[in-house]
Amino acid sequence: MCGIVAYLGEREAYPVLIKGLKRLEYRGYDSAGVALLDNDLHVYKKAGKVSELEAFVADKNINGNIGIGHTRWATHGVPNDTNAHPHMSNSGQFALVHNGIIENYAPIKEQLQKSGYVFHSQTDTEVLVNLIEEVKKQEKVSLEDAVRIALNQVVGAYAIVVIDKENNDRLIAARKGSPLVVGIGEAEFFVASDASPIIEYTKHVVYLDDQEYAIIDRDGTFTVKTLGNVEISPFIQQLQLDLESIEKGGFEHFMLKEIYEQPKVIKDAIRGRMNATDGWIKLGGVSEFANRINNAKRIIITACGTSWHSGLIAEYLIETLARVPVEVEYASEFRYRNPIVNESDVVIAISQSGETADTLAAIEIAKERQALVYGICNVIGSSIARATHAGSYTHAGPEIGVASTKAFTTQVVILTLMALQLAQQKGTISLSYLRQVLYELDNLHVKIEATLKLDSHIKEIAAKIKDVENALYLGRGYNFPVALEGALKLKEISYIHAEGYPAAEMKHGPIALIDENLPVIILATNESAYEKIVSNVQEVKARKGIVIAVVNEGDTQIKQMADYVIEVPKTEEVLSPLITMIPLQLLSYHIAVMRGANVDQPRNLAKSVTVE
Ligand code: F6R
């Protein structure tokens, strides 16, 4: 939530900042702003998208080779020009951009008001920049010391960058709980919430750790210290990311590009981790903790949103294949309900961004209670990847569309490998079945390619139902979580109210919704429950619902009853979510586009949810 970018060097800062903000816009798009330091400090900010800020500054002085920028996802205060970042201190000397939440801002604000400070915005950020100013004044210390002392007084999460009107040679950046990366170029520095604004200038980066801050100077000095004022040697990493992976590459939207990337990223997710012929699986971190994982009394999976849905699929996979009890918990509930967790449990935390605040908090609880915590993350070097004892990256590449697509499928791939590996260790599956599933997984990209070829047919179905107000998604077994995820995809990008249900639950309530206007998307690829799904289709048709059925190629029975069918290649039932999810992603995408919605940046959402 919220994107931060900063520059110090010989270039003009504004073009670097504005381009960086556009790359970070997926993190929030309620307002945007920049502060540029030339002979004077110029702060420009505007409610709305980065493009609105760009139009606003068109006739303004945008000179300066040091500056900070921000794109906001509102927490404290409505999205308007005043609440937009950067925020200035009362004297006008300091400007600050912030991602996160200062939880104790209210008492600090009250104290500052007593000392005469005036607040123009409703934000916690304006409190922080004035606290820094007050500390500097009262303690008669440098800006660096004032930032450190102030940050030691605040409770909450932050990534910040501060700029001083009196010193155009220095930036100060700090983090706790929100990500921050520093790019080190030739006589120039970049700071950003992720590496996407940095990648085209340098591949050398330092990821700040929690409770660390960086002092970045024009003369090339780059110092990293802890909030306890201890200097540490920064670890300079080489970025693996390339520019192409963060651009649209000819697609109209990132979401569509990411849907189409699924055959490739699935291959990336399994590369080097399995061999179908020899029947082996090797997931990072699993062998190191093999004893604890293989002997886990229980597996608890914790995540949010789409990642929680992939966790639900894992519950079916692990219990069916490895016969280990699994519980799947919303991280936001887990963290506050005093859960029973102990050292014989393994907790799997799933997160695309690796920054979700609730998931991070759930991990801390699991660690406090001595459980082994295994992370499944997409973003390399993210907070969750670092907070867990071991883990596997999904290798889906940057996911920029706010609606998660390829991250979901790669999470399911990793969880499938985990379930199979555990089953092999526990002796609950035969080698021949293991090989059969691995062989199918190895070749699944071909079937996903074939499913993507159904795009124009799915688009035609989308055109028929685009104006509905409600939709129901039904699935059984492995396809039940897919129904939930299909409904989430539709509601979040097209704003159509949609619900996912286990198909058999329909008769316990949702059946009342069915009339001739309600599309019911039924996932009907499960061979083990086929006859039961046929009955569900009949129940919907008897009430005149519009049935859109996802069936296996060659299906005859449901094809005759449904209004629309999407025939997908048949696969092993344990792998079916990896196929059935694809048409649901495409259906949501086309409906949202036809309704004129902003597919990549749906209203009120942000890609990385770093607040509770
Ligand atoms: C929906 C979506 C969200 C995320 C959720 C968790 O398309 O993307 O529901 O899945 O916010 O995010 P991560 O996986 O980054 O922890």
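Axes are lines fitted to C-alpha atoms, for helices over the stretch in contact, and the angles quoted in these legends run from 0 to 180 degrees between N-to-C directions. The model shown in every view is a predicted one.

**View 1. Helices H3 and H4 cross at an oblique angle.** Helix H3, which spans residues 105-114, and helix H4, which spans residues 124-139, have axes that come within 10 Å and cross at roughly 50 degrees. Since angles under 35 degrees count as roughly parallel and those from 65 to 115 as roughly perpendicular, with the rest between them oblique, H3 and H4 are therefore oblique to each other. The crossing in which H3 passes H4 is left-handed. On the H3 side the contact is formed by Tyr105, Ile108, Lys109 and Leu112, which meet Asp124, Val127, Asn130, Leu131 and Glu134 of H4. Sorted by class, this contact of H3 with H4 holds five nonpolar, one polar and three charged residues.

**View 2. Helices H7 and H13 pack with a right-handed crossing.** The axes of helix H7 (residues 262-270) and helix H13 (residues 406-426) come within 9 Å, and the angle at which they cross is roughly 30 degrees. H7 contributes Gln262, Val265, Ile266, Ala269 and Ile270 to the contact, while H13 contributes Lys406, Thr409, Thr410, Val413, Ile414 and Leu417. Seven of the residues in the contact of H7 with H13 are nonpolar, three are polar and one is charged.

**View 3. Helices H15 and H20 lie roughly parallel.** Helix H15, residues 444-452, packs against helix H20, residues 576-594, at an angle of about 25 degrees, and their axes are 10 Å apart. That angle makes H15 roughly parallel to H20, and the crossing of the two helices is right-handed. Leu444, Lys447, Ile448, Thr451 and Leu452 of H15 meet Leu578, Ile579, Ile582, Pro583 and Leu586 of H20. By class, the contact of H15 with H20 comprises eight nonpolar residues, one polar residue and one charged residue.

**View 4. Residues around the ligand, with polar contacts to its oxygen atoms.** Of the 15 residues around the ligand, those that come nearest are Ser307, Ser351, Ser353, Thr356 and Glu492. For glutamate 492, an N or O atom in the side chain is 2.6 Å from an oxygen atom of the ligand. The backbone also takes part in this view: a backbone N or O atom of threonine 306 lies 3.0 Å from an oxygen atom of the ligand, and a backbone N or O atom of valine 402 lies 3.4 Å from an oxygen atom of the ligand.

**View 5. A cis peptide bond at proline 86 and a positive phi at asparagine 338.** Most residues other than glycine have a negative phi, and most peptide bonds are trans. The peptide bond from histidine 85 to proline 86, however, is cis, with omega near 0 degrees, and proline 86 is found in the loop between strand S4 (66-72) and strand S5 (87-88). Asparagine 338, a residue other than glycine, has a positive phi near 50 degrees, and asparagine 338 lies in the loop that runs between helix H10 (331-334) and strand S20 (345-351).

Notes: Residues numbered from 1 in each chain as written. Predicted model: local features only at pLDDT ≥ 70, side-chain atom pairs only at ≥ 80, totals over all residues. Heavy atoms only, no water. Helix = DSSP H or I, 4+ residues; strand = E, 2+ residues; numbered from the N terminus. Parallel < 35°, antiparallel > 145°, perpendicular 65-115°, else oblique. Left-handed = near helix turned anticlockwise from the far one by under 90°. Contact = heavy atoms within 4.5 Å. Nonpolar A, V, L, I, M, F, W, Y, C, P; charged D, E, K, R; others polar. Near = heavy atom within 4 Å. Polar contact = N/O pair within 3.5 Å; in protein donor to acceptor, adjacent residues only side chain to side chain.
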